Amino acid sequence: MGVLRGGLLVVASILLFVVFLAGNVLWTLDKSLDYETIKPELVSVVREVIEDKINVSEVVGGEFAKMEAYCMNNSEYVFSHEESGRVFEVGCEVVARGSDAVVEHAIEEFVEEIYHGQAEESMFDFSKLKESVNSYFYIALAVALVLFVLVFFLAEAKSNSFIIAGVLLVISSLPFVKIEQFLFWIPFGFAEHFTVFFSKAYSVFLISLITGLIVLAVGIVMKFFKVGFKLFDFVSKIKSKEKVVKKQVVKTQTSGAKKVVFGKNK
């Protein structure tokens with residue numbers, strides 16, 4: 001392998017590792033920002049926020065008798081809270097489950113508004129952030145594929161490209177084992193809530209680790225079979241040479257025997 005080719009292989013491998021690492025970060029964010037994943041964390045935050053403005057349990061308790069009466073002939077009950085200015089829309093199937101169910105429904109509605117950036121208390125739009133992260137993740141995936149193809153053509157032994165990619169993917173997955181503990185060292189007050197963005201880090205670690213090990217195993221098997229084929233060819237060549245030598249010996253012996261026979265006949 002030439003110096004230029006080797007240098008390009010090193011650069012491509014480093015870039016591939018960086019893209020693997022960035023891809024794992026983006027994939028973790030994408031999975032962690034799923035509504036059903038982030039919802040429990042948002043619910044706990046919303047309970048604290050909403051309690052400062054409005055006692056939902058108290059408001060629902062004051063309206064619940066009206067809800068039950070109204071829902072006898074209707075499918076939805078709508079009421080507003082003057083102090084907070086919030087409007088609550090509650091399906092009568094929720095009212096039928098009791099006042100606690102109505103309270104949970106009101107909080108979940110608020111959580112959904114925050115997730116989609118529709119509430120005043122929203123810091124940003126979680127749903128749009130997820131879409132952006134998802135698109136960047138697929139870009140990283142495409143770049144990783146291109147870099148792997150480059151490594152494949154630069155590697156003198158093609159099996160080495162799989163071994164390099166597998167090792168790099170395994171290494172890039174390791175920081176995600178304890179990433180949540182690392183985030184607690186961030187010197188900001190919101191660091192505790194920031195961990196919600198990496199709640200799926202461990203599952204990403206496992207998937208990346210297993211995928212990396214599979215790719216590594218493919219490379220090792222390719223290298224093993226290549227060595228095996230070379231060994232098989234070497235043994236075959238030795239056997240073929242032995243056969244040629246045996247044939248020559250047999251011919252020599254046969255020709256010698258014929259000479260002896262002809263000599264006696266004379």
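# Briefing on a predicted helical model

Helix α5 is followed by Gly117, whose phi is positive, near 70°. The structure is a predicted model. Its secondary structure amounts to 10 helices and two strands, and 34% of the 266 residues count as buried. The points below treat the overall fold, helix α5, the salt bridges, two further residues in helices, and a nonpolar patch on the surface.

**Overall fold**

- Read from the N terminus, the order of elements is α-α-α-β-β-α-α-α-α-α-α-α.
- Among contacts in the protein with a separation of 6 or more, 68% join residues 24 or more positions apart.
- The exposed area of the protein is about 17,100 Å², and 66% of that area is supplied by carbon and sulfur atoms.

**Helix α5**

- Helix α5 covers residues 99–115, and its 17 residues should span 24 Å at 1.5 Å a residue; the end C-alpha atoms are 24 Å apart, in agreement with that value.
- The buried residues of α5 include Ala101, Val102, Val103, Ala106 and Ile107.
- Phe110, Val111, Ile114 and Tyr115 are likewise buried in α5.
- In an α-helix there are 3.6 residues a turn, so residues three or four places apart point the same way.
- Tyr115, one of the buried residues of α5, is also among the residues in contact with Lys130.

**Salt bridges**

- Three salt bridges are found in a search of the whole structure.
- Side chains of opposite charge can pair when their charged atoms come close.
- One salt bridge joins the side chains of Asp30 and Lys130, at 2.8 Å from N to O. Because Asp30 belongs to helix α1 (residues 3–32) and Lys130 to helix α6, this pair ties together parts that are 100 residues apart in sequence.
- Asp30 counts as buried, its relative accessibility being 9%.
- A salt bridge also links Lys130 with Asp34, where the closest N and O atoms are 2.7 Å apart. Asp34 lies in the loop between α1 and α2 (35–53) and Lys130 in helix α6, so the pair connects parts that are 96 residues apart in sequence.
- Asp34 has a relative accessibility of 30% and therefore counts as partly exposed.
- Glu108 and Lys39 form a salt bridge in which the closest N and O atoms are 3.6 Å apart. With Glu108 in helix α5 and Lys39 in helix α2, the pair ties together parts that are 69 residues apart in sequence.
- Glu108 is partly exposed, at a relative accessible area of 32%, whereas Lys39 counts as buried at 17% relative accessibility.
- Through shared partners, salt bridges join Asp30, Asp34 and Lys130 into one network.

**Surroundings of Lys130**

- Lys130 is located in helix α6, which comprises residues 126–154.
- The side chains of Lys130 and Asp34 also make a polar contact, at 2.7 Å.
- When neighbours within four places in sequence are left aside, Lys130 is in contact with Asp30, Leu33, Asp34 and Tyr115.

**Ser208 and Val146**

- Ser208 is part of helix α10 and counts as buried, with 4% relative accessibility.
- Beyond neighbours within four places in sequence, the contacts of Ser208 are with Asn24, Trp27, Leu169 and Ser173.
- Val146 is in helix α6; its relative accessibility of 56% is over 50%, so Val146 counts as exposed.
- Val146 and Ala12 are 134 residues apart along the chain, and their C-alpha atoms are separated by 9.9 Å.

**Nonpolar surface patch**

- A nonpolar patch of about 800 Å² on the surface is formed by Val167, Ile171, Leu174, Val177, Tyr202, Leu206, Ile210, Ile214, Val218 and Met222.
- Helices α7 (158–173) and α10 (201–265) each provide at least two residues of the nonpolar patch.
- The most is given by α10, which contributes six residues to the nonpolar patch.
- Leu174, one of the patch residues, lies in the loop between α7 and α8 (179–183).
- Leu174 counts as partly exposed because its relative accessibility is 46%.

Conventions. Residues numbered from 1 in each chain as written. Predicted model: local features only at pLDDT ≥ 70, side-chain atom pairs only at ≥ 80, totals over all residues. Heavy atoms only, no water. Patch = residues over 30% accessible without salt bridge, like charges linked within 9 Å, V, L, I, M, F, W, Y side chains within 5 Å. Areas by Shrake-Rupley, 256 points an atom, 1.4 Å probe, with all protein chains shown as cover. Salt bridge = Lys/Arg side-chain N within 4 Å of Asp/Glu carboxyl O. Helix = DSSP H or I, 4+ residues; strand = E, 2+ residues; numbered from the N terminus. Buried < 20%, exposed > 50% of the residue type's maximum accessible area, 1.4 Å probe, protein only. Expected span 1.5 Å × (residues − 1). Contact = heavy atoms within 4.5 Å. Polar contact = N/O pair within 3.5 Å; in protein donor to acceptor, adjacent residues only side chain to side chain.
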